[in-house]
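Please open the model in your viewer and keep the sequence panel beside it, since this tour moves from one selection to the next.

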Amino acid sequence: MIVAKFGGSSLADAAQFQKVKDIVFADSRRMLIIPSAPGRRFDKDEKVTDLLYRCYNQQMAGESFQKTFEEIQQRYYDIASQLHLSLELKPYFQEIHKQMEAGASADYCASRGEFLNGLLLSNYLGYEFLDAAEVIFFDELGEFDAEKTNDILKQRLELLDKAVIPGFYGSNPDGSIRAFSRGGSDITGAIVARAAQAELYENWTDVSGFLMADPRIVTDPRPISHITYHEMHELCCAGATVLHEDCVFPVSSAGIPTNIRNTNLPQHPGTMITCNALQREDFAIFAGVSGKKGFSILVLEKEQTDHTWSFVQEVLYVAKKYGIKFQYLPSGAHCVCLLVETRQFLEKQDAFESEIRKSNVPFSMTIQPDIAGIVLVGYGIIHNRLAVNRIYKALQRQNIDVVMINQGSGELSTWVGVPENQMEEAICAIYEEFL
Ligand SMILES: Nc1ncnc2c1ncn2[C@@H]1O[C@H](COP(=O)(O)OP(=O)(O)O)[C@@H](O)[C@H]1O
Ligand SMILES: N[C@@H](CC(=O)OP(=O)(O)O)C(=O)O
């Protein structure tokens, strides 16, 4: 049995719905289907999810959300009428409108994009509709509750043959709606694949699999036929938005392969993602490169040279307490550095700094902003001592400063920090060098 997730680009309009139906019916093993909300139909178009968040923001600001709401409504009415669907959408829109006026949460508003698209797709395919709020659960702290979800979802799936389950959301212990972070329908698909013990998780999008670099940065990057979950996770954490980084664990822990496929070119085999690299023919030094802006290097210099370990411990304890994620942690006798996401850190900076001050170790804190983190991924990289020289030389040729480099702490990746305004150039230079 196959679980197939279709992203917003694959369900943006009626023509895309037709392609999805052809794909689903081409293989009878495609029994559980996970849709996203309608995505962009053309370059400057807006995703329905963005419009729904706008409704929420307008309501919160005391403005009218009517015009935005009508725009959303029209997207669904157009799909339903062009596909001649029998589904009556009006009562659903009345209910959503009522909830929004009553101040429904941002998560509830955003989730309606997938909910409505799920209703349309189940009607179009003739598959049953299973509301994600009944089978995907979060705990009191707002964390995804993997075991409760797996138990209940498994039981529900045993009673179903073919079903559509909307992506992106689930429910809190009190029954209210909670959404995953952006791109979260990928996570729903992986969760359903695990519970169904699927033989394959297919993720259908608008590119022919994982490419060795972001196609919006590098012209015509080479496709990757096979990649491991570890490699993919590293690339996704550093900006390869094709898959959500959190969709790895449910499928990799269950030993289920993921296949990224192109809805607009279904004959292309796409990228196969598996737990190990044994089947990979191109077991090469370089699997791919990705990059993400918006990082800062946080430098904490302490004035006392003793008790290094207790200072590092304190910094990490406080970072954990405030949920500050970091990518990089070099430390020495006098200093600890963390590569942090600037936006997240700035929200928590004062609390973070004053809490460390309580430890009575005098220290100074500086923040070096506007850094892009670039990650080169591939099992060969770490075992190839020339790789670092090649990175430096490739960047030097373009006059790009390396503000940090981290090779050796992980098994399969090298992180390079560059000035944010040179990220695209740096990615192109590294791609050309290692291709
Ligand atoms: N390394 C990469 N390989 C493929 N696509 C990438 C990569 N990095 C970024 N992308 C972008 O990810 C997009 C697909 O993800 P997304 O827009 O979320 O699609 P969907 O709506 O199908 O979920 C591609 O159109 C591409 O622009
Ligand atoms: N619609 C949500 C969830 C999602 O996963 O969408 P997509 O599959 O189009 O990336 C978002 O835009 O974030």
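What follows is a series of stops, each with something to select and a note on what is there.

**Before you start**

This is a predicted model, in which local features need pLDDT of at least 70 and side-chain atom pairs count only at pLDDT 80 or more, whereas totals for chains, interfaces and linings use all residues. Residues are numbered from 1 along each chain as its sequence is written, and chains are lettered from A and ligands numbered from 1 in the order in which they are written.

**Stop 1: the domains**

Colour residues 2-202 as domain 1 and residues 288-434 as domain 2; these bounds come from an automatic or database domain assignment. Between the C-alpha centres of domain 1 and domain 2 the distance is 36 Å. Next select residues 1-262, which UniProt, in an unreviewed entry, lists as "domain: Aspartate/glutamate/uridylate kinase"; UniProt positions are given here in the numbering used for the model, feature names are shortened, and annotations may be inferred rather than shown by experiment. This span is 44% helix and 13% strand, and its end C-alpha atoms lie 20 Å apart. Helices (H or I, at least four residues) and strands (E, at least two) are DSSP runs, numbered from the N terminus.

**Stop 2: the two ligands**

Which residues are closest to ligand 1? Gly7, Ser9, Thr205, Leu211 and Asp214 are the closest of the 20 residues that surround ligand 1, where a residue is near a molecule if its C-beta atom, placed from the backbone, lies within 6 Å of it. By class, the shell around ligand 1 holds seven nonpolar, ten polar and three charged residues; here Ala, Val, Leu, Ile, Met, Phe, Trp, Tyr, Cys and Pro count as nonpolar, Asp, Glu, Lys and Arg as charged, and the others, Gly among them, as polar.

Now move to ligand 2, which has 15 residues around it, with Gly7, Gly8, Ser36, Thr49 and Ser185 coming nearest. The shell around ligand 2 consists of two nonpolar, ten polar and three charged residues.

**Stop 3: the largest nonpolar core**

A nonpolar core is a set of buried Ala, Val, Leu, Ile, Met, Phe, Trp, Tyr and Cys residues joined through C-beta atoms within 7 Å. A residue is buried if 20 or more other C-beta atoms, placed from the backbone, lie within 10 Å of its own, exposed if 12 or fewer, and partly exposed in between. The largest such core has 121 residues, of which Val3, Ile33, Val192, Ala193, Val289, Ile374 and Ile430 touch the most other members. Helix H5 (residues 106-125) gives this core its largest share, nine residues, and at least three residues come from each of domain 1 (2-202) and domain 2 (288-434).

Centre on isoleucine 33, which, leaving aside neighbours within four places in sequence, is in contact with Ala4, Phe6, Val24, Leu121, Leu125, Tyr127 and Val164; contact requires C-beta atoms, placed from the backbone, within 7 Å. Then step to isoleucine 34, in strand E2 (residues 30-35), which is buried, with 32 other C-beta atoms within 10 Å. Beyond four places in sequence, isoleucine 34 has contacts that include Val3, Lys5, Ile165 and Ser185.

**Stop 4: helix H8**

Why is helix H8 (residues 229-237) largely enclosed by the rest of the structure? Seven of its nine residues are buried, namely His230, Glu231, Met232, His233, Glu234, Leu235 and Cys236. Among the elements that these buried residues pack against are helix H9 (248-253), strand E11 (288-302) and strand E13 (363-377). Just after H8, select glycine 239, which takes a positive phi of about 105°.

**Stop 5: two loop residues**

Most residues other than glycine have a negative phi. Histidine 84, although not a glycine, has a positive phi of about 55°, and sits in the loop between helix H3 (66-82) and helix H4 (90-101). Is histidine 84 buried or exposed? With 8 C-beta neighbours inside 10 Å, histidine 84 counts as exposed.

Phenylalanine 168, also not a glycine, has a positive phi of about 85° and is found in the loop between strand E4 (163-164) and strand E5 (169-171). Phenylalanine 168 is buried, with 31 other C-beta atoms within 10 Å.

**Stop 6: two helix residues**

Finish with arginine 194 in helix H7 (residues 185-196), which counts as buried with 24 C-beta neighbours inside 10 Å, and with tryptophan 309 in helix H10 (residues 308-321), which is exposed, with 9 other C-beta atoms within 10 Å.

Note on methods
Contact = placed C-beta atoms within 7 Å.
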